[in-house]
Amino acid sequence: MRRVSICMVIFWLLVSVPSVSPQDTPPPVVVANTEIIDLNSETNGHDYRLFVALPDSYTASEQSYPVLYLLDPQISFLAVTEYARFMAYWQELPEIIVVGIGYPTVDVAELATLRERDYYI
């Protein structure tokens, strides 16, 4: 009887969990006080995507903030932004603006090609 009960529970769990197909797109991750800006360089004609994170006090303050620029933000922007905020919270680092300079794609092979191109311009 115990074995039947366990099988019934497992069956119920399998049937009641909604399935997710590979075509389902999860909702985007929203990070407070950040934005993404697409732009085209007038100098070289290439497209870029800027990832910008502002400190929490930015909108209510008129002070200036140091800026940290980083490359490959598709890989590092979220981690660097949250680490900088954590360090500012503990007053180990001043509040900073984080600007990631990247490309308008998520394809890893294309990112590598674009990064290589920029190293040799």
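**Close-up 1. Burial of Ser41 in the predicted model**. Ser41 has a relative accessible area of 15%. That value is under 20%, so Ser41 counts as buried. Ser41 sits in a loop. Strand E1 (34-40) and strand E2 (47-53) flank this loop on either side in sequence.

**Close-up 2. Surroundings of the Ser41 side chain**. A polar atom of the Ser41 side chain lies 3.2 Å from the backbone nitrogen of Thr43. Leaving aside residues up to four places away in sequence, Ser41 touches His46 and Tyr48.

**Close-up 3. Pairing of strands E3 and E4**. Strand E3 covers residues 67-71, and strand E4 covers residues 97-102. The two strands run in the parallel sense and pair over 5 bridges. From E3, the chain passes through helix H2 (residues 73-89) before reaching E4. This β-α-β crossover is right-handed. Within the pairing, Leu71 stands opposite Ile101 in E4.

**Close-up 4. The largest pocket**. Its volume is about 420 Å³. The lining holds 18 residues. Closest to the centre of the pocket are Val29, Val31, Ile36, Phe51 and Phe77.

**Close-up 5. Elements that line the largest pocket**. Which element gives the largest share of the lining? Helix H2 does, with 6 residues. E1, E2 and H2 each supply at least two lining residues. H2 thus appears in two of these views: as the helix of the crossover from E3 to E4, and as a contributor to the pocket lining.

Notes: Residues numbered from 1 in each chain as written. Predicted model: local features only at pLDDT ≥ 70, side-chain atom pairs only at ≥ 80, totals over all residues. Heavy atoms only, no water. Pairing = 2+ DSSP bridges. Helix = DSSP H or I, 4+ residues; strand = E, 2+ residues; numbered from the N terminus. Right-handed = clockwise from strand over helix to strand, strands pointing away. Buried < 20%, exposed > 50% of the residue type's maximum accessible area, 1.4 Å probe, protein only. Polar contact = N/O pair within 3.5 Å; in protein donor to acceptor, adjacent residues only side chain to side chain. Contact = heavy atoms within 4.5 Å. 1 Å grid on protein atoms, 1.4 Å probe; cavity = no way out; pocket = protein on both sides within 12 Å on 5 of 7 lines; lining within 4 Å. Points joined across faces, edges and corners; volume = space filled by probe spheres on them.
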